[in-house]
Amino acid sequence: MSENGDKAIILFDGVCNFCNGAVQFIIMHDRNGYFHFASLQSNIANTLLSSRPDFQSLYSLILI
């Protein structure tokens, strides 16, 4: 974890089986709880990506 306690956010395609599997893998191995997750279909993702129009058409895993 960084010195100021920041956490990373992983946005993922909530309807993608591969993405969901990747999220489950990360959760199992993230012992310090560094990562937070939100599906690309969520309001949180829309807010985070509103300033990044180049990312709005992606359907994958996005690390912020």
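**Entry 1: Asp6 and Tyr34**

I started with Asp6 and asked how open it is: its relative accessibility is 44%, so it counts as partly exposed, because that class lies between the 20% and 50% cut-offs. I was reading a predicted model here, and I kept that in mind throughout. Asp6 belongs to the segment before β1.

Next I looked for Tyr34, and found it in the loop between α1 and β2. Its relative accessibility is 28%, so Tyr34 is partly exposed as well. How far apart are the C-alpha atoms of Asp6 and Tyr34? I read 8.1 Å, for two residues that are 28 residues apart along the chain. I then tried Tyr34 against Ser60, which are 26 residues apart in sequence. There the C-alpha to C-alpha distance is 20 Å.

**Entry 2: the whole chain**

I stepped back to see the chain in outline. I counted two helices and three strands, and from the N terminus on they follow the order β-α-β-α-β. The C-alpha atoms fill a box of roughly 30 × 30 × 15 Å along the principal axes. Of the 64 residues, 25% count as buried.

I also checked how the contacts are spread along the sequence. Among those between residues at least 6 apart, 67% join residues at least 24 apart.

**Entry 3: the sheet**

Which order do the strands take in the sheet? I traced β2-β1-β3, an open sheet of three strands with mixed pairing. That leaves β2 and β3 as the edge strands, each pairing on one side only. From one strand to the next the twist averages 25°.

I then went through the pairings one by one. β1 and β2 run parallel and are joined by five bridges; in this pair, Phe12 stands opposite Ser39 of β2. β1 and β3 are antiparallel, with three bridges between them. On that side, Leu11 has Ile62 of β3 as its bridge partner.

I looked at the cover over β1 too, and found four of its five residues buried.

**Entry 4: Leu63 in β3**

Is Leu63 buried or exposed? This residue of strand β3 has a relative accessibility of 59%, so I put it down as exposed, the cut-off being over 50%. Leu63 still has partners from elsewhere in the sequence. Leaving aside neighbours within four places, I listed contacts with Ala8, Ile9, Ile10 and Phe35. For Leu63 and Ile9 I noted a C-alpha to C-alpha distance of 5.9 Å, with their positions 54 residues apart in sequence.

**Entry 5: helix α1**

I moved on to α1, which covers residues 17-29 and has 13 residues. From its first C-alpha to its last I read 19 Å, close to the 18 Å expected at 1.5 Å a residue.

Which residues of α1 are buried? I found Cys19, Ala22 and Val23. They cover an arc of only 100° around the axis, so they sit on the same side of α1. I followed the buried residues of α1 to see what they pack against, and reached β1 (8-12), β2 (35-39) and β3 (61-63).

I then turned the helix over. The face away from the buried side carries the exposed residues Asn17, Phe18, Phe25 and Met28. I marked Phe18, Phe25 and Met28 in my notes, as their side chains are on that exposed face.

**Entry 6: the core around Leu11**

Which residues make up the largest nonpolar core? I wrote down six: Leu11, Ala38, Leu40, Ala45, Leu49 and Ile62.

I picked Leu11 for a closer look. Not counting residues up to four places away in sequence, Leu11 touches Ala38, Leu40, Ala45, Leu48, Leu49, Ser60, Leu61, Ile62 and Ile64. Ile62 therefore turns up in my notes as a contact of Leu11, as its bridge partner in β3, and as a member of the core.

Notes: Residues numbered from 1 in each chain as written. Predicted model: local features only at pLDDT ≥ 70, side-chain atom pairs only at ≥ 80, totals over all residues. Heavy atoms only, no water. Core = buried A, V, L, I, M, F, W, Y, C linked by side-chain atoms within 4.5 Å. Buried < 20%, exposed > 50% of the residue type's maximum accessible area, 1.4 Å probe, protein only. Contact = heavy atoms within 4.5 Å. Expected span 1.5 Å × (residues − 1). Arc of directions from axis to C-beta. Pairing = 2+ DSSP bridges. Axes fitted to C-alpha atoms, helices over the stretch in contact; angles between N-to-C directions.
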